[in-house]
Amino acid sequence: MEVTGPAMGEGDADEQDGFLTVIDYSIPRDYGASLPFEAEVTLGEGMVRRLDGESLGNLVAELLADSEPDYVRCVARARLAKLSAEHFLRSGDVCALEYALELLKKLIGDPFTESLGTTLELMRLLAKAGELLRQPELISNAIDILDSCKDDSHQSPESQRELLIASCRIHALRAELTNSPQDWLIVGNAATRLAEMSERGGLQFHQYELHAAEAFLEYCELTRDMNSLNDSIKRLHGIATFTSLPRAQMAAVYYRLGRALRFRGAWAGSKADLDEAVAKLEQAIAMADFTSADICPYLSNQAFAYQQRYATTKDVADLDLALQALARSFSTTNDSRYSENRLFNLLNTITRRISTEGYTPELLSHLALIESRVTTFSDPTLIRWGVIDMAINAYIRAHHSLALMDFQFAALVLERAASLTPSDVTSFENLALPGGLFINRQSPAFDLNNLKKILASAGIPSTDTDGFREVLNAVIIDINTDLVRSGMTQDEIMKSSLGGTYDTALFVHLDNIEDFH
């Protein structure tokens, strides 16, 4: 939105930073005396903060009042809209947001403003407010305004381009809040149109192609639409050959290509796709600048690619590589929104590794990493359940394999599970797992009664008053008894114990937490 009119005086450059960046907020010095309120307050940088609510409301009401076209009032409306919007973005003050929106709506019909530019500012503010307040309806209001602008058949090519860019941004915001496949489809189509309007093969063309590929990838993840997935992969392969992209953006291309190939490889059972997915994700991790980007999604997708390839090849090396990537992703997570998901993935993969392939020394470090993070969770119930579930699966595996180190690992995990579980815990029935999953009621770790019944059938008795800790310790005693029956002495059992090695690994991870914070 550009305010037009008499020659403008010089404004403060730093005041023009912020969300509403295209408005020229300079106010001519010659007009200061004619403003209907205190000029030094109106022009002051801290106006919104210094005025109390009533004074600011009166000021907004004055500027919203109908009047003859007045350039000075128009400039004042624009300035106060900017300051109110920036105050909202800094503080979350919804009242300031309402003032900014009302002033922008008033400016749309003002003869001193450019209508489309003002409308775009209104849309952007609504969309940003919807994102910050987690209110999709505000973004929907922005989309309604956007759709009304599209109805104008006399738009210039530049105006059409501005509207397409706005469509990409606003529909993407709503899609991220609502998981709407239709919004991602709209983003992909708008980005495709923008690419068609750009010079083919140029930097801008490839950047719009990347936006389209990302949107179609999100769409196919929600719908499993293979046509959209193939389209995304084709575009990403094309972008990957363009060497003029900045290094960080090229890393993002490889990441998305690896992710897309991972989907297709898993859905179609294609080892070739999974091999390429692993390679592209390795390239992405090697190229990315993780001082400004989050490495965790890269590592998680790399781990999933290894896991999916393991499901095809049964090569245990892939499962171990998946565990390394998941452990690294979980250890570097500093976003509480994803930490439980990454913890859950790591717990499940350790349990899968011990259940199907048995013990390997690297499992000690992974288990120690999980235990070291207990105090970083406001509710460590997921860790407690996961370690108990792991312990029971390790015990079952040991009885099938009869391998000494499987028994020792089972004893270690049982001991850690017992120490992590409070005596008053009797059930995990109300535990909500990440991704909307629920614990199988038949799982040994679902509740104490399930566990007692299963262990009783294996000859390990318990009393009615025994809690998880007592029952788990009884299993450790049973393992020791089995090892003695196999001909081992207590000294031999102690020497093969994993406790000392585990304590060292736990100390290292606890020390790393202090360094990380």
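Visitor: Before we start, what does buried mean here, and what share of the 517 residues of the chain count as buried?

Guide: Buried means under 20% relative accessible area. Keep in mind that this is a predicted model. By that cut-off, the share of the chain's 517 residues that count as buried is 50%.

Visitor: Thanks! How many helices and how many strands does the secondary structure come to?

Guide: Happy to help with that one. The chain has zero strands. Its helices number 23.

Visitor: Among contacts between residues at least 6 apart in sequence, what percentage join residues at least 24 apart?

Guide: Here we set aside contacts between residues less than 6 apart in sequence. Of the contacts that remain, the part joining residues at least 24 apart is 63%.

Visitor: Which residues have the most contacts inside the largest nonpolar core?

Guide: In soluble globular proteins, nonpolar side chains tend to be buried together. The largest nonpolar core in this chain has 100 residues. Helix α18, residues 381-401, gives the most to this core, with eleven residues. The residues with the most contacts inside the core are Leu346, Trp385 and Phe409.

Visitor: Which residues is phenylalanine 409 in contact with, leaving aside its neighbours within four places in sequence?

Guide: Phe409 is a good one to pick, being among the residues with the most contacts inside the largest core. With those sequence neighbours left out, its partners are Ile354, Tyr359, Leu363, Leu364, Ala394 and Leu498.

Visitor: How many residues are in the other core, the one that lies apart from the largest?

Guide: Val60, Ala76, Leu97 and Ile170 are among its members. The count for this separate core is 38 residues.

Visitor: How are α4 and α5 oriented, roughly parallel or roughly antiparallel to each other?

Guide: The axes of α4 (residues 71-91) and α5 (residues 94-108) come within 8 Å and cross at roughly 150°. The crossing is left-handed, and the residues that meet include Cys74, Ala81 and Phe88 in α4 and Leu97, Leu103 and Leu107 in α5. Angles over 145 degrees count as roughly antiparallel. The two helices are therefore roughly antiparallel.

Visitor: And what is the handedness of the crossing of α9 and α10?

Guide: Helix α9 (residues 181-196) and helix α10 (residues 203-223) have axes that come within 8 Å and cross at roughly 160°. That makes α9 roughly antiparallel to α10. Among the residues that meet are Trp184, Leu185 and Leu194 in α9, and Phe205, Tyr208 and Phe216 in α10. The crossing is left-handed.

Terms used. Residues numbered from 1 in each chain as written. Predicted model: local features only at pLDDT ≥ 70, side-chain atom pairs only at ≥ 80, totals over all residues. Heavy atoms only, no water. Core = buried A, V, L, I, M, F, W, Y, C linked by side-chain atoms within 4.5 Å. Buried < 20%, exposed > 50% of the residue type's maximum accessible area, 1.4 Å probe, protein only. Helix = DSSP H or I, 4+ residues; strand = E, 2+ residues; numbered from the N terminus. Contact = heavy atoms within 4.5 Å. Axes fitted to C-alpha atoms, helices over the stretch in contact; angles between N-to-C directions. Parallel < 35°, antiparallel > 145°, perpendicular 65-115°, else oblique. Left-handed = near helix turned anticlockwise from the far one by under 90°.
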